[in-house]
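Dear colleague,

I am passing on the structure we spoke about, with the sequence alongside. Please open it first and keep it in view while you read the notes that follow.

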Amino acid sequence: MYPSEFNHREIIAAAPDAIAMGAGASVNRPHPLASELTLRKIAYACGANLRKPQPHDTAMSIAASGMGSPEFSRLVADGVSSVTIQSYRGQSEHLAIASLFDALNFYPSQIPALDSYFALEPLAANAEIKQGMVTMAGGAQDATLTTFGRAITIAREDIINDNQGAIGRVFADLGASAGRIEARLMADALEANPVLDDGAVTFDAAYSNVVAEAFSWGALVTATTLLRIQLTQAGQRADLKAKFLVVAPELELPAQNEVTNAGLDIKVLSLANLPTGRWYVLADPMVCPVVGVLRLAGAKNPVRVEQAKRPLHVDGACVKVTADLGVCLLRRTGIIRGGV
């Protein structure tokens, strides 16, 4: 039974919940009509809302008119958005080592690391406390957001056949793709050994952040020691505890075995795009942020699902998925690069 002109607005109100449930997302307190709706009924409601049905119209012609409308595209985008974002989050293990930073726009910008050239000093009785100035340590330069996107056409046949599950899987794959791209950008940033805004490269033996050895227990001991004795801007030993061990894919299980057997409180992560033999040891990003992940200011998630204009030759609906992604290195302390 198709919605009449009297209840099509209620169908449209329930449509995002219905599509989200059909795509496999969990919906809290869904609309009461959501479980009864199909894509075909939603398309019909959009067609009826677009213009009042005439005596010569058929149910299929009204649905065809609706599925090509901007409103239907919007409803589908709203419905599959949650499963897309959930999939991105499921593919975002790399964010454990990251610190999030807002980017106001898409222009290259600098993200310096806050630091200080001063350390606490002993005070004599009634002595005046000396003032120190917080400064900007060498940080990222030319940090830039890049937009990645894909427009997806949902064929008329899939709408008529109500293939919501298959459609949901497509958008879940796109959400996971955004997570994989961001992880690749992170590996690229680590491997680029970028020049920070103080004019020097990130990784160099002079900064006690390089262990030019293949991964082994002895190399890990050396790296954790270097984290402790690295110097801050004030000349103090950083005394940072190793929190994460990030490795190339072939080192994931050997690294996990070493950490587990030693009973260390170190989380092992793998980035698929690191070159063979590469490994990094990092401090807790809450204590010493090193890897910056950019977010467009005001955006709750980097991934967006929105309505899209349907191409003239397409019979169906069009929805686009975009992601604004960017990664940079913030400082050279708090991280050790390993590998030959």
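Which residue in strand 12 is the bridge partner of Val293? The partner of Val293 is Val327, and that pair belongs to a set of three bridges joining strand 9 to strand 12 (residues 327-329), with the two strands running antiparallel. Please bear in mind throughout that this is a predicted model.

**Confidence and overall make-up**

The chain has a mean pLDDT of 89, and 89% of its residues reach 70 or more. The stretch to treat with caution is residues 132-136, where the pLDDT is below 50, although in the model this stretch has 13 contacts beyond near neighbours in sequence. Where pLDDT is low, the predicted coordinates should not be read in detail.

The secondary structure comes to eight helices and 13 strands, and of the 340 residues of the chain, 44% count as buried. If one takes the contacts between residues at least 6 apart in sequence, 74% of them join residues at least 24 apart.

**Strand 9 and its partners**

Strand 9 covers residues 291-296, and five of its six residues are buried. Besides its antiparallel pairing with strand 12, strand 9 is joined by six bridges to strand 1 (residues 98-103), and here the two strands run parallel. Within that parallel pairing, Ala98 has Val291 in strand 9 as its bridge partner.

Asp102 is also found in strand 1, and it counts as exposed because its relative accessible area, 58%, is over the 50% cut-off. Once its neighbours within four places in sequence are set aside, Asp102 is in contact with Arg295 and Ala297. The C-alpha atoms of Asp102 and Val293 are separated by 8.6 Å, while the two residues stand 191 residues apart along the chain.

**The open sheet**

Five strands form an open sheet of mixed pairing, in the order 5-13-8-6-7. Its edge strands are strand 5 and strand 7 (267-270), each of which pairs on one side only. Strand 5 is joined to strand 13 (residues 335-338) by two bridges, and these two strands run parallel; in this pairing, Val211 stands opposite Gly338 of strand 13. As a general reminder, the strands of a sheet pair through backbone hydrogen bonds, either parallel or antiparallel.

**Helix 2 and the nonpolar cores**

Helix 2 takes in residues 39-50, and its twelve residues, at 1.5 Å a residue, should span 16 Å, which agrees with the 16 Å between its end C-alpha atoms. The buried residues of helix 2 are Leu39, Ile42, Ala43, Tyr44, Ala45, Cys46, Gly47 and Ala48. These buried residues pack against helix 1 (8-23), helix 3 (59-67), helix 4 (70-90), helix 5 (156-160) and helix 6 (164-191).

Ile42 appears again in the largest nonpolar core, which has 89 residues, and where Ile42, Phe72, Phe171, Leu245 and Trp279 touch the most other members. Helix 6 supplies the largest share of this core, twelve residues. There is also a second, separate core of seven residues, which includes Ala143, Leu145, Leu294 and Cys328.

**Cysteines**

How many disulfides does a search of the whole structure find? The search finds zero. As for individual cysteines, Cys328 counts as buried because its relative accessible area of 6% is under the 20% cut-off, and Cys288, at 6% relative accessibility, is buried as well.

**Two backbone details**

Two residues other than glycine have a positive phi and may be worth a look on your screen. Arg29, with a phi of about 55°, lies in the loop between helix 1 and helix 2, and with a relative accessible area of 76% it is exposed. Asn193, whose phi is near 45°, lies in the loop between helix 6 and strand 5 (210-211).

With best wishes

Methods: Residues are numbered from 1 along each chain as its sequence is written. This is a predicted model: local features need pLDDT of at least 70, side-chain atom pairs count only at pLDDT 80 or more; totals for chains, interfaces and linings use all residues. Side-chain values use heavy atoms; hydrogens and water are left out. A disulfide is a pair of cysteine sulfur atoms within 2.5 Å. Buried means under 20% relative accessible area, exposed over 50%, partly exposed in between (1.4 Å probe, protein chains only). Helices (H or I, at least four residues) and strands (E, at least two) are DSSP runs, numbered from the N terminus. The expected span of a helix is 1.5 Å times one less than its number of residues. Contact means heavy atoms within 4.5 Å. Two strands pair if DSSP finds at least two bridges between them. A nonpolar core is a set of buried Ala, Val, Leu, Ile, Met, Phe, Trp, Tyr and Cys residues joined through side-chain atoms within 4.5 Å. pLDDT is the predictor's confidence in each residue, from 0 to 100.
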